[in-house]
Amino acid sequence: MKQTQPAYTTPINTIQKVYPLLSETQKKIADLVLAQAETICFLRLEDFSKLAGVTTVTVIRFAKKLGYENFGAFKKDLQNYIQTMVIPMRIVKSELNDLRETPTDDIICRAIQNELELMQKTYDSISFETLFETAMSIKKARKIFIVGTGLNGSVAEILLTRLKFLCLDAQIICPDNLTLLPYTLVNAGEDDAFILFSFPNYKEFTINMAQCAQALGCHTICITDKLTAPIASYAEQLLLCQTSSLIYYNSMTAPTSLVTILSGILAVLIQKDVKTQERLDYIASFFQ
């Protein structure tokens, strides 16, 4: 007789099921998970307990109350739930169906207005001083490591092209070969800078890179969507970009614009000396 596999119970469903049996402190933790699951699933035990205002032991007991062996197992299951069951359904907003009967001109007008509002809200939240300080951190860096995966990778590539044009030593860090990554970062230190892009769905690789950059003493420039984003706590300079568009959950309009603004400030700050320009012209002569 063929045996059927038991139905998968999501960590959110588990919390909702046992909620009446939890203590007041555990309910406080549960409420935090239910409200911020997409952020919580990437936090370290220490960071989560601090955010919840409880001890690490209390968090571990909460995870065991849900039936998990430890907090790591709970976090992993929550990550899988968010990335495989929640995020894919949120690439295109559910409100899209409401627009299908809307006149085409109205849809276009609203889409354009939404993108303009995203940029306006982004620049309203970032001071000129922060933009200048960020540009100076990039300018002074011996080497610049850029981190951006998935959709963020396109913005990272644009930034890399701009920085290369300004003769800055920059490279993109990818999760393709984690074995070689320590060799790439072995000499990274306080003279270097990391620029990290992270928008939903947040990738654990980017969060780990932010932790690593901070631990190595590098300057950390984090570009994300909100103060509660997983990489925000590691930022030396934090630039918040609004990305929730009319149709998609992530619009890259504001991040792309921000990269253009930053590289423009850098272009003004960096004056190529005569020798550098002569060497550029000499090298270029081989490819004409």
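Here is a quick briefing on the chain above, covering confidence, overall make-up, helix α2 and one odd backbone angle.

This is a predicted model, in which local features need pLDDT of at least 70 and side-chain atom pairs count only at pLDDT 80 or more, while totals for chains, interfaces and linings use all residues. Residues are numbered from 1 along each chain as its sequence is written, and side-chain values use heavy atoms, with hydrogens and water left out.

**Confidence**
- The chain has a mean pLDDT of 86, and 89% of its residues reach 70 or more; pLDDT is the predictor's confidence in each residue, from 0 to 100.
- Among the elements, strand β1 (residues 144-147) has the highest mean pLDDT at 97, and helix α7 (residues 96-99) the lowest at 59.
- Over residues 1-5 pLDDT stays under 50, and the model has zero contacts for them beyond four places in sequence (contact means heavy atoms within 4.5 Å).
- Where pLDDT is low, don't read the predicted coordinates in detail.

**Overall make-up**
- You get 14 helices and five strands in the chain; these are DSSP runs numbered from the N terminus, with helices being H or I of at least four residues and strands E of at least two.
- Of the 288 residues, 43% count as buried (buried is under 20% relative accessible area, exposed over 50%, partly exposed in between, with a 1.4 Å probe and protein chains only).
- Among contacts between residues at least 6 apart in sequence, 70% join residues at least 24 apart.

**Helix α2 and its partners**
- In α2, the residues Q26, K27, I29, A30, L32 and V33 are buried.
- Helix α2 (residues 24-35) packs on helix α4 (residues 45-52) at about 110 degrees, with the axes 10 Å apart; axes are lines fitted to C-alpha atoms, for helices over the stretch in contact, and angles run from 0 to 180 degrees between N-to-C directions.
- K28, I29, L32 and V33 of α2 meet F48, L51 and A52 of α4, a set with six nonpolar residues, no polar and one charged (Ala, Val, Leu, Ile, Met, Phe, Trp, Tyr, Cys and Pro count as nonpolar, Asp, Glu, Lys and Arg as charged, and the others, Gly among them, as polar).
- α2 also packs on helix α5 (residues 56-65), at about 80 degrees and with axes 10 Å apart.
- On the α2 side that contact uses T25, Q26, I29, A30 and V33, and on the α5 side T58, V59, R61, F62 and K65; the split is five nonpolar, three polar and two charged.

**An odd backbone angle**
- C167 isn't a glycine, yet has a positive phi of about 65 degrees.
- C167 sits in the loop between α10 (152-165) and β2 (170-173), and is partly exposed, with a relative accessible area of 40%.
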